[in-house]
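Trainee: Got a minute to go through this one with me? I'd like to hear the reasoning behind the labels.

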Amino acid sequence: MRRVLPKAVQICYDYSATMQKTLPKWFILVFLAVAVIGLADATYLAASHYLEKPVVCGFLEGCDIVLESPYSTAFGLPVALWGLFYYLLILILAEIYLLKKDIFWIKAAAILSPFGFLASLWFVYLQLFVIKAVCLYCMVSATASAVLFILALYIFFGPNKSARAEIKNAQQG
């Protein structure tokens, strides 16, 4: 019995099926590596928060100011914990892609990237213009989110333009 999917999901899945072999392994490994860096960064900040340990900031001296500001929590949880959840989910979806070889899973991870990117833009704005202090670890996370977003754009718009044309023709005909 054939599964009936909503049209938007079916189009995404059909497109995924035609792109099955277009992402090189190195690309996925870079995607995973960036997610691991973000996860390690967010885990360190979340653990420091819950263990009430100071964060070693290195050459920048704003970590404590940023991490103790009222902007360091969202919906009652530390922003770092939200980041941990975000990177962990992206990592899990990318791992499923590697196991199943179904591009649907890496696309699901890619769909999340704009949320992390926009959140990072907001928090960088807060650091630079509201709090007026910079947290090195927060900037690492912002960079990881930006790189994941760029990689996600490649996943959706970069490879195999002929496959997109084929899907478009199939939908019209």
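**Helix packing and two odd loop residues**

Mentor: Sure. In this predicted model, H5 passes H6 in a left-handed crossing.

Trainee: What makes the crossing left-handed?

Mentor: A crossing gets that name if the near helix is turned anticlockwise from the far one by less than a right angle. The axes of H5 (residues 103–131) and H6 (residues 136–157) cross at roughly 145° and come within 7 Å.

Trainee: How do you know that H5 and H6 are in contact, and which residues meet?

Mentor: Contact takes heavy atoms within 4.5 Å. On the H5 side the residues include Ile106, Ala110, Phe117 and Val124, and on the H6 side Met139, Ala142, Phe149 and Phe156 are among them. The residues of this contact divide into 15 nonpolar, 6 polar and 1 charged.

Trainee: Why does Lys107 in H5 count as charged?

Mentor: Because Lys belongs with Asp, Glu and Arg in the charged class. Lys107 is one of the H5 residues in the contact with H6.

Trainee: Now the loops. Why is Lys132 called exposed?

Mentor: Exposed means over 50% relative accessible area, and Lys132 has 64%, so Lys132 is exposed. Lys132 lies in the loop between H5 and H6 and has a positive phi of about 60°, although it is not a glycine.

Trainee: And what makes Glu52 exposed?

Mentor: The relative accessible area of Glu52 is 72%, and the cut-off is over 50%, so Glu52 is exposed too. Glu52 is in the loop between H2 (25–51) and H3 (63–67). Glu52 isn't a glycine, yet its phi is positive, about 55°.

How values were computed:
Residues are numbered from 1 along each chain as its sequence is written. This is a predicted model: local features need pLDDT of at least 70, side-chain atom pairs count only at pLDDT 80 or more; totals for chains, interfaces and linings use all residues. Side-chain values use heavy atoms; hydrogens and water are left out. Axes are lines fitted to C-alpha atoms, for helices over the stretch in contact, and angles run from 0 to 180 degrees between N-to-C directions. Helices (H or I, at least four residues) and strands (E, at least two) are DSSP runs, numbered from the N terminus. Buried means under 20% relative accessible area, exposed over 50%, partly exposed in between (1.4 Å probe, protein chains only).
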